[in-house]
Amino acid sequence: MTALLLAMALVAQAQGRQSLGVYDAWGAFRDAAPARCYAIGQPVRARGGAFASVANWPRSGARGQIHIRLSRARDPRAKVTLAVGERRFELIAGASDAWAPDARTDRAIVAAIRSSRSMSVESVARGGGAFADVYALRGAATAIDAAAMGCARR
């Protein structure tokens with residue numbers, strides 16, 4: 001997993017992103033345009049470009065926004081549920097992406113991430129079949145803090 005994040009950091013630099021650090025299974029980055037900083041991790045079994053991120057957007061004042069890219073396109077009728085430790089959150093979802101419904105839920109999810117070892121995102125794929133993307137959270141809190149500091153310095 002760390003090798004994947006190191007590779008992401010190298011690709012990010014080539015794309016104009018600044019790496020703010022790699023922390024176990026999570027990385028932190030800063031983009032100049034649009035201005036944003038984010039922590040990002042991949043599922044334990046990375047597939048389909050899936051990721052989970054926690055972003056800060058300084059121009060709009062948004063902090064700690066959750067964004068999940070699902071490993072599979074979901075059935076339009078299916079819910080997307082994020083489980084972090086013992087907590088469960090229903091997310092707002094598009095075809096392959098999901099977000100917290102509001103800033104309060106973003107804050108609750110980030111707090112749960114900080115105190116948990118793993119999280120999973122569950123739904124039903126287009127065409128049927130349940131799936132879950134599982135994330136290790138070691139390093140997530142440090143990457144979230146690095147992303148917040150990366151945008152606070154602007």
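Let us begin with His67, whose place is in strand 5. Please keep in mind throughout that the model is predicted. Is His67 buried or exposed? With a relative accessibility of 18%, His67 counts as buried, because the cut-off for that class is under 20%. Its side chain forms a polar contact with the side chain of Asp97, at 2.8 Å. Leaving aside residues up to four places away in sequence, His67 touches Phe51, Ala52, Ser53, Asp97, Ala98 and Trp99. One of these, Ala52, lies 15 residues from His67 along the chain, and the C-alpha atoms of the two are separated by 5.9 Å.

I turn now to helix 2. This helix runs over residues 103-114, which gives it 12 residues. From first C-alpha to last it reaches 17 Å, close to the 16 Å expected at 1.5 Å a residue. At its N-terminal end, Asp102 acts as a cap: a side-chain oxygen of Asp102 lies 3.3 Å from the backbone nitrogen of Arg104.

Which residues of helix 2 are buried? They are Thr105, Asp106, Ile109, Val110, Ala112 and Ile113. These residues cover an arc of only 160° around the axis, and therefore sit on the same side of helix 2. A general point helps here: an α-helix has 3.6 residues a turn, so residues three or four places apart point the same way. On the other side of helix 2, Arg104 and Arg107 are exposed. The cover over the buried residues of helix 2 includes strand 4 (51-57), strand 5 (62-69), strand 6 (80-84), strand 7 (87-93), strand 9 (118-124) and helix 3 (140-152). Strand 5, where we found His67, is thus among the elements that cover helix 2.

Just beyond helix 2 we come to Ser116, in the loop between helix 2 and strand 9. Ser116 counts as buried, at 16% relative accessibility. Its side chain reaches back to the backbone oxygen of Ala112, at 2.8 Å, and Ala112 is itself one of the buried residues of helix 2. Not counting residues up to four places away in sequence, Ser116 touches Val84, Gly85 and Leu137.

Next, helix 3. It has 13 residues and reaches 18 Å from its first C-alpha to its last, close to the 18 Å expected at 1.5 Å a residue. Its buried residues are Ala140, Ala143, Ile144, Ala146, Ala147, Gly150 and Cys151. Viewed down the axis of helix 3, they fall within an arc of 160°, so they line one face of the helix. The face turned away from this buried side carries the exposed residues Met149 and Ala152. Against what do the buried residues of helix 3 pack? Their partners are strand 1 (17-23), strand 2 (26-31), strand 3 (36-41), strand 4 and helix 2.

How, then, do the two helices meet? In general, two packed helices are described by the angle between their axes and the distance between the axes. The axes of helix 2 and helix 3 come within 8 Å and cross at roughly 130°. That angle makes helix 2 oblique to helix 3. At the meeting point, Val110, Ile113 and Arg114 of helix 2 contact Ala140, Ala141, Ile144 and Asp145 of helix 3.

I close with two details of the backbone. As a general rule, most residues other than glycine have a negative phi, and most peptide bonds are trans. Pro34 is found in the loop between strand 2 and strand 3, and the peptide bond from Ala33 to Pro34 is cis, with omega near -5°. Asp24 lies in the loop between strand 1 and strand 2. Its phi is near 55°, a positive value in a residue other than glycine. Asp24 is partly exposed, with a relative accessible area of 40%.

Technical notes:
Residues are numbered from 1 along each chain as its sequence is written. This is a predicted model: local features need pLDDT of at least 70, side-chain atom pairs count only at pLDDT 80 or more; totals for chains, interfaces and linings use all residues. Side-chain values use heavy atoms; hydrogens and water are left out. Helices (H or I, at least four residues) and strands (E, at least two) are DSSP runs, numbered from the N terminus. The expected span of a helix is 1.5 Å times one less than its number of residues. Buried means under 20% relative accessible area, exposed over 50%, partly exposed in between (1.4 Å probe, protein chains only). The arc is that of the directions from the helix axis to the C-beta atoms. Contact means heavy atoms within 4.5 Å. A polar contact is a pair of N or O atoms within 3.5 Å; within protein, one must be able to donate a hydrogen and the other to accept it, and residues adjacent in sequence count only if both atoms are side-chain atoms. Axes are lines fitted to C-alpha atoms, for helices over the stretch in contact, and angles run from 0 to 180 degrees between N-to-C directions. Angles under 35 degrees count as roughly parallel, over 145 as roughly antiparallel, 65 to 115 as roughly perpendicular and the rest as oblique.
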